[in-house]
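Colleague: Got a minute? I'm new to this one and would like a quick tour.
Modeller: Sure, have a look and ask away.

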Amino acid sequence: EPFVPTPLAARLRTTPEGWRIEGELRKVVILFADITGIDHEVPPEVQINLSRSAIRSYRKFGGIVAKVNLADEGQRVMVLFGLHMPSGHDAERAVLAALEATARMKGFLSGIGSSIAIRSGVHAGQVYFGAFGSDHRHDVTVVGDAVNTAARVAEAAGPFEVLVTEETLGTIAEEFVTSARPPIRVRGKQEALAVRSVHSASEGAAHYMQTRKKQRTLSGREDEIEHLREIAAKASSGSGMLIGIAGDRGYGKSALLSLLVDEWIGRGGIGLLGRCRYATKTDPLAPSVAMFSAFLGIT
C-alpha cells in the first residue's frame, strides 16, 4: 500500500509464495478513462490535480485503480468495480464514478482554457485476475477480452463523454439519462458492439401505486399481517402514523409493505412509491423527498 489496493495488500501478506498468487476467473465492471491533451505546456501541478480529482471520484464509488499508464499526450486509467467485493451495484457505481470524474474535470478545466479532455468507456465481463511476470519483473492485474473491449469503448467516446455498452447497462438503464450511439467495431468481434452515451443519473421520480393482481403467500406472518390491517383501518378513520418495516434480505419486507398498500388503496386511499437508489443513498430521506417533489411540488 498504496501501490496496490488494500484487499490485495492483505492477501499478498498471507500468500506463502509472495507475489505468486493463484489466478482466478472473476466477473468485474471495467472503466477505462483516457485523459488527453496533456503536453509539455501543461504545468505539472495541473496534471497532478487532474489525476487526483479523477481518482477521488473512482475511489468514492468503490473503484479500484488497477493501472495508470502514460500515453503520448495524456494518461490512461483502468478502474475495476467488483473485483474483491462484488455487489449488485457494480455497474451502477462504475457509471456514476465516470460521470462524476467527467464533471470534476469539466469544472477544473473551465477556468484554464485548456484542450485537455477525458473520455470514458465502461464494460462488464469475465477477466483473469492474477500475477504475471517473473521474479525480476511482475505485476498483479486483470487480462481478458472484456478488458480489451472496455479500452476500445473508451477510445470511441468523444471528449467528456461516458460511453457504456448496452450489455453492461442492462437492468440499470432506467437509472440514467442516455442516448443512442452508432455501434462500434471492435477488433476480433464479428458483430458491432451496441453502446449508449450516458449523460446523467435519472431523476427517479416517485409514482402512484395500484393494487397487485397477484398476491404473494406469506407463511408465518399472520400476526404482522393482522397488525398492518389494523393500522390501515385506524388510518382510514383519521388516526395516521408512520410505519417502518425492517428485516434481513428475504424476510418479506416488500411483500408486507405491498400488502399494506393494497389494504390502504382498497379503503380509498392513495399509494405513492419513492425509493432510494445508489445515486441517492447518501441523500437524507431520499424516497420521501422524491414523493414530496413529484406530488406536492415541494423541493
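Colleague: Let's start with R229. Is R229 buried, partly exposed or exposed?
Modeller: R229 counts as partly exposed, because its relative accessibility is 38%. Keep in mind that this is a predicted model.

Colleague: Okay, and which residue does R229 form a salt bridge with?
Modeller: With E263, and the closest N and O atoms are 3.6 Å apart. R229 sits in helix α6 (residues 222-236) and E263 in helix α7 (residues 253-266), so the salt bridge ties together parts that are 34 residues apart in sequence. E263 is partly exposed too, as its relative accessibility is 22%.

Colleague: Why would two side chains like that pair up at all?
Modeller: Opposite charges can pair when the charged atoms of the side chains come close.

Colleague: How many salt bridges does the structure hold?
Modeller: There are 15. One of them joins the side chains of R275 and E175, at 2.8 Å from N to O. That pair links distant parts of the chain, 100 residues apart: R275 is in the loop between β10 (271-273) and α8 (286-296), and E175 is in the loop between α5 (166-169) and β7 (176-184).

Colleague: What about E175, buried or exposed?
Modeller: Buried, since E175 has a relative accessible area of just 8%, under the 20% cut-off. R275 is partly exposed at 43%.

Colleague: And what does R104 pair with?
Modeller: The side chain of R104 meets that of E100 in a salt bridge, 3.4 Å from N to O. Both are in helix α3 (residues 90-109), and because they are four residues apart, about one helical turn separates them. E100 counts as buried at 18% relative accessibility, while R104 is partly exposed at 32%.

Colleague: Which residues are linked in a network of salt bridges?
Modeller: D34, R76, R152 and E155 are linked that way.

Colleague: Switching to the surface: which residues form the negative patch?
Modeller: E222, D223, E226 and E230 form it. Take E226: this residue lies in helix α6 and is partly exposed, with a relative accessible area of 43%.

Colleague: And which residues make the nonpolar surface patch?
Modeller: That one is made by M241, I243, I245 and L257, and covers about 320 Å². I245 is in the loop between α6 and α7, and is partly exposed with a relative accessible area of 31%.

Colleague: New topic: where is S197?
Modeller: S197 is in strand β8 (residues 193-201). S197 counts as buried, because its relative accessibility is 4%. Its side chain makes a polar contact of 2.9 Å with the side chain of E161.

Colleague: Last thing, the backbone. What is the phi of F160?
Modeller: Positive, about 60°, although F160 is not a glycine. Most residues other than glycine have a negative phi. F160 is in the loop between α4 (145-156) and β6 (162-165), and is partly exposed with a relative accessible area of 24%.

Colleague: And what is the phi of L285?
Modeller: L285 also isn't a glycine, and its phi is a positive value near 55°. L285 is in the loop between β10 and α8.

Colleague: Is L285 buried or exposed?
Modeller: Exposed: L285 has 65% relative accessibility, which is over the 50% cut-off.

Notes:
Residues numbered from 1 in each chain as written. Predicted model: local features only at pLDDT ≥ 70, side-chain atom pairs only at ≥ 80, totals over all residues. Heavy atoms only, no water. Salt bridge = Lys/Arg side-chain N within 4 Å of Asp/Glu carboxyl O. Helix = DSSP H or I, 4+ residues; strand = E, 2+ residues; numbered from the N terminus. Buried < 20%, exposed > 50% of the residue type's maximum accessible area, 1.4 Å probe, protein only. Patch = residues over 30% accessible without salt bridge, like charges linked within 9 Å, V, L, I, M, F, W, Y side chains within 5 Å. Areas by Shrake-Rupley, 256 points an atom, 1.4 Å probe, with all protein chains shown as cover. Lys, Arg positive; Asp, Glu negative; His and termini not counted. Charge placed at Lys NZ, Arg CZ, Asp CG, Glu CD. Polar contact = N/O pair within 3.5 Å; in protein donor to acceptor, adjacent residues only side chain to side chain.
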